[in-house]
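This report goes through selected features of one protein chain, from paired strands to cysteine bridges and individual residues. Please keep the sequence and the coordinates at hand while reading.

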Amino acid sequence: MVGTTLYKTLFLLGVCAGVMKGAIGDDRNDVCSNINPNVDAGSEFTFKNKFQVHVESVLPDLGTIINAPMAFSEKNKMFKATLTAPGYNRALYNDYEYSQTLAYDFLSGGRGSCRVDPTMNERWNLFLIPQPPAEGTEMKTSDALRLTGPSGFGGEQIALERKSVGSKFRSMTVTEYVSCQKIKAANGAEIIAKVTHLFSDAGFAKSETGSVPVQVKIIGRYTSGNDKGKDVTQTYNFFHYQTSFGDEVFEAPTGIVCPNRVGPNNFPEQPTHVQFGQEIHYPNDAPKMRTIKTTYDMEFNFVLEQTFNEDPSKRDEFRLDDFYSGLTYTFNPDTGECSLSNITDNIKMNDYVEENGKIRMANPGEFFSTDNIEYHYNGKKHFRGLQTEAWIGKEEKTGRTFEWYFAWPSQRPTVDAHKAQVLLERMLSEFPDSDNESEVTTEVVDELCRLQNEASTSTATELCNTNSETEAIIEPTVTIDVINQLYHTKMTFQAVKPSHVIHTLNLITIAILTMF
């Protein structure tokens, strides 16, 4: 009895498996009948390593036409499709380097929303969008056009049949190719489809590209998902196929956070000492802009701001927040006025934090507004003529979005002998010889001699080879320049020990501020 029951169970399982296999086979035979592969795409086509094309996507089963410019680059390892139609504005980025699809919906959540699909099956019903390459292989242009790569049937590759040569389409002579493919969608649905490509005769295309695709038809049937058994017909008309364009095409949108996007690096640590320039815009206070150079140093507890005067006949103003003393020094070179006040009596520069009725200097994360914000990689971008990597984060309390651009290592400053020489000679010109001794000048000379290791100059050599002591005649109108030059040397060339330079900077600053 038990044996009979077991035999019946195995028999039923075998029948069910046969029915399932037969169903899949029947769908494939019904959809893809009479396809006899006879060409190898690798030898049939010669493609550039990238393309950009405008695609008109006709989707009668969805009752819509979607404009979908597409682009692909083997070097960037990226495929991009922008989808626009009435009430529809989206973009897909297939990032093959990190096996992820970035799905942007620009009509969702104010500025837009983004999610990451690690399966890379999101297509938003456009089945022309390619599947990822087989594991361990690189995505090629022919893969992006659905001419080569995995067919979706187990380990099979796409196999092409050249159907006809010399037929006419849009007044062009074209060649027709067909293949059978199984295509997945993000919602678990799958279709089996007959994919038909029309390629122009080489004489009708640009000389740089040769034969180009002019149309792709996908006609098939859903074999799983909510639409199982439903027929699908999609026609994609290609226009303006080109192979010359910039990498900026693949840059991710600005201002939209894509949580959990994978990238090559972590968000960089913020420096504890840095000098930078910034432009501050005041859109609500008439069209106004201020240009400021800021020096921030956590080790020696100060922040120095140089505000560039809008009036070219006047000189810049300076403000130093000294967190050792808790005082702000404000210096106006035109009037010679130097005033002292408590740091908290002035407009806050985001450089301090109040805790238990006291203030302390903001750490780098607080100063640069990177604390308490989760940053996500936002891709490689060209910004102000530089190649950069971007990170983006959203401050939940305020809803503000922060996007940082960091220069690639090849774009960062390096020691340059000519620049160092100009800098040295300018610095030395600020310190005339004198018979008097000066601790400040001795330290400056020491640091200039250290710079000689990075850039040999006659002025520095002569100075470093003498045993005489020199003194700086400290004038308020030139000392701030000296401070900036010293700090510029530290930050740009990294040729001196930070503690020596900053110690010199503090000594000079104190000497100036106590003169008034």
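## Two consecutive hairpins

In this predicted model, the bridge partner of T328 in strand β18 is S341. The strands behind this partnership are β17 and β18, the latter covering residues 337–342, and they pair in the antiparallel sense over six bridges. Together β17 and β18 form a hairpin that leaves four residues between them, and in its turn G336 has a positive phi of about 75°. Within the range of β18 lies C338, a cysteine that is buried, with a relative accessible area of 16%.

T328 also has a partner in the other direction, since D321 stands opposite T328 in β17. Here the paired strands are β16, residues 317–322, and β17, residues 327–332, which run in the antiparallel sense and are joined over five bridges. β16 and β17 likewise form a hairpin with four residues between them, and G326, located in that turn, has a positive phi of about 80°. As a general point of geometry, the side chains of a regular strand alternate between the two faces of the sheet.

## An open sheet of three strands

Further along the chain, three strands form an open sheet whose order is β21-β22-β23, with antiparallel pairing. Its edge strands are β21, residues 375–383, and β23, residues 401–407, each of which pairs on one side only. Neighbouring strands of this sheet are turned against each other by 30° on average, when the direction of the turn is ignored.

Strand β22 spans residues 386–394 and pairs with β23 in the antiparallel sense over seven bridges. One position in this pairing can be named explicitly: G393 stands opposite F402 in β23.

## Disulfides

How many disulfides does a search of the whole structure find? The search finds two, and in general terms each such link is a covalent bond between the sulfur atoms of two cysteines. One of them is formed by C32 and C180, whose sulfur atoms are 2.0 Å apart. The torsion about the S-S bond of C32 and C180 is about 70°, so this disulfide is right-handed. The pair links distant parts of the chain, with C32 in the loop between α1 (2–31) and α2 (41–44) and C180 in strand β9 (residues 172–184), 148 residues apart. C32 is buried, its relative accessible area being 10%, and C180 also counts as buried, at 11% relative accessibility.

The other disulfide joins C114 and C258, with their sulfur atoms 1.9 Å apart. Because C114 lies in strand β7 (residues 113–117) and C258 in the loop between β12 (231–242) and β13 (273–282), the pair ties together parts that are 144 residues apart in sequence. C114 is buried, with a relative accessible area of 11%, while C258 counts as buried at 1% relative accessibility.

## Two buried residues in strands

Is S57, a residue of strand β1 (residues 50–59), buried or exposed? At 0% relative accessibility, S57 counts as buried, because the cut-off for that class is a relative accessible area under 20%. When residues up to four places away in sequence are not counted, S57 touches T64, I65, I66, A68, L126, T235 and Y236.

Y241 is found in strand β12 and is buried as well, with a relative accessible area of 9%. Its C-alpha atom is separated by 9.6 Å from that of A71, although Y241 and A71 are 170 residues apart along the chain.

## The chain as a whole

The features described above belong to a chain that contains nine helices and 23 strands. Of its 516 residues, 44% count as buried, and the chain exposes about 27100 Å², of which carbon and sulfur atoms supply 50%.

What share of the contacts with a separation of 6 or more comes from residues 24 or more positions apart? Such residues account for 52% of those contacts in the chain. On the level of single pairs, the two disulfides are examples of links across the sequence: C32 and C180 are 148 residues apart, and the parts tied together by C114 and C258 are 144 residues apart.

Note on methods. Residues are numbered from 1 along each chain as its sequence is written. Side-chain values use heavy atoms; hydrogens and water are left out. Two strands pair if DSSP finds at least two bridges between them. Axes are lines fitted to C-alpha atoms, for helices over the stretch in contact, and angles run from 0 to 180 degrees between N-to-C directions. A disulfide is a pair of cysteine sulfur atoms within 2.5 Å. Buried means under 20% relative accessible area, exposed over 50%, partly exposed in between (1.4 Å probe, protein chains only). Contact means heavy atoms within 4.5 Å. Accessible areas come from the Shrake-Rupley method with a 1.4 Å probe; for residues, only the protein chains shown count as cover.
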